[in-house]
Amino acid sequence: LTLGGGEVEIYSLNISRSWEGRKLNELLAAGADQVAISLTRSGKSFIPDVDILLKENDILYIAANHIGIEEIHSKLDTQKAGGE
C-alpha cells in the first residue's frame with residue numbers, strides 16, 4: 001500500500017527464526033523513518049509495543065519511507081547471514 005505520492009508505504013515482513021526472541025525495538029531505527037503499525041501472531045493482530053519479543057512466523061506491518069525500509073531489510077539480511 002502506497003500513501004500520498006509514494007513517500008510512505010505499508011510493508012508486511014515475515015519474522016524468521018533468526019529474529020526469534022529479539023525485541024521489536026532492535027529492528028526499528030530510532031528515527032521516524034519507520035513505525036510498527038500491527039503484528040499478527042497465531043492469527044490475531046494487535047498494535048505491538050516496541051519491547052515485545054518477536055517470534056518466528058510473526059507478520060509485522062510497518063509504515064516506512066524508502067530509507068526506513070532499507071534499514072530494516074539490512075538488519076534482517078545481516079541477521080540471516082549470521083551477523084549482529
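Start with Ala-32, which sits in the loop between α1 and β3. Is this residue buried or exposed? Its relative accessibility is 73%, and because that is over the 50% cut-off, Ala-32 counts as exposed. Now look across to Asn-65 in this predicted model. Ala-32 and Asn-65 are 33 residues apart along the chain, yet their C-alpha atoms are separated by 9.1 Å.

Let's try another loop. Asp-49 lies between β4, residues 44-46, and β5. With 48% relative accessibility, Asp-49 counts as partly exposed, since the values from 20% to 50% fall between buried and exposed. Which distance separates Asp-49 from Leu-24 in space? From C-alpha to C-alpha it is 7.8 Å, although the two residues are 25 positions apart in sequence.

Now zoom out to the whole chain. You can find two helices and five strands here. Walking from the N terminus, you meet them in the order β-β-α-β-β-β-α. How do residues from far-apart places in the sequence figure in the contacts? Take the contacts with a separation of 6 or more: 70% of them are between residues 24 or more positions apart.

Leu-24 is worth finding again, as it belongs to the largest nonpolar core. That core has 16 residues, and the ones touching the most other members are Leu-24, Leu-27, Leu-54, Leu-60, Ile-62 and Ile-72. Which elements give two or more residues to this core? They are α1 (24-27), β3 (34-41), β5 (59-64) and α2 (66-80), so both helices and strands contribute.

Pick Leu-54 and see what surrounds it. Setting aside neighbours within four places in sequence, Leu-54 is in contact with a list of residues including Leu-24, Leu-27 and Leu-39. Charged residues are on that list too, among them Glu-20, Arg-22, Lys-23 and Arg-41. Ile-15, Trp-19 and Gly-21 also touch Leu-54.

Finally, consider the overall shape. A compact globule of 84 residues would have a radius of gyration near 12 Å, and the chain has 12 Å, so the two agree. Along its principal axes, the C-alpha trace spans about 35 × 30 × 20 Å. Of the 84 residues, 31% count as buried. On the outside, the accessible surface comes to about 5,000 Å², and 53% of it belongs to carbon and sulfur atoms. As for charge, the chain carries 8 positive and 13 negative charges, and the mean positions of these two groups are 10 Å apart.

Note on methods
Residues are numbered from 1 along each chain as its sequence is written. This is a predicted model: local features need pLDDT of at least 70, side-chain atom pairs count only at pLDDT 80 or more; totals for chains, interfaces and linings use all residues. Side-chain values use heavy atoms; hydrogens and water are left out. Helices (H or I, at least four residues) and strands (E, at least two) are DSSP runs, numbered from the N terminus. The radius of gyration is taken over C-alpha atoms; the globule rule is 2.2 Å times the number of residues to the power 0.38. Buried means under 20% relative accessible area, exposed over 50%, partly exposed in between (1.4 Å probe, protein chains only). Contact means heavy atoms within 4.5 Å. Accessible areas come from the Shrake-Rupley method with a 1.4 Å probe; for residues, only the protein chains shown count as cover. The place of a charge is taken as NZ of Lys, CZ of Arg, CG of Asp or CD of Glu. A nonpolar core is a set of buried Ala, Val, Leu, Ile, Met, Phe, Trp, Tyr and Cys residues joined through side-chain atoms within 4.5 Å.
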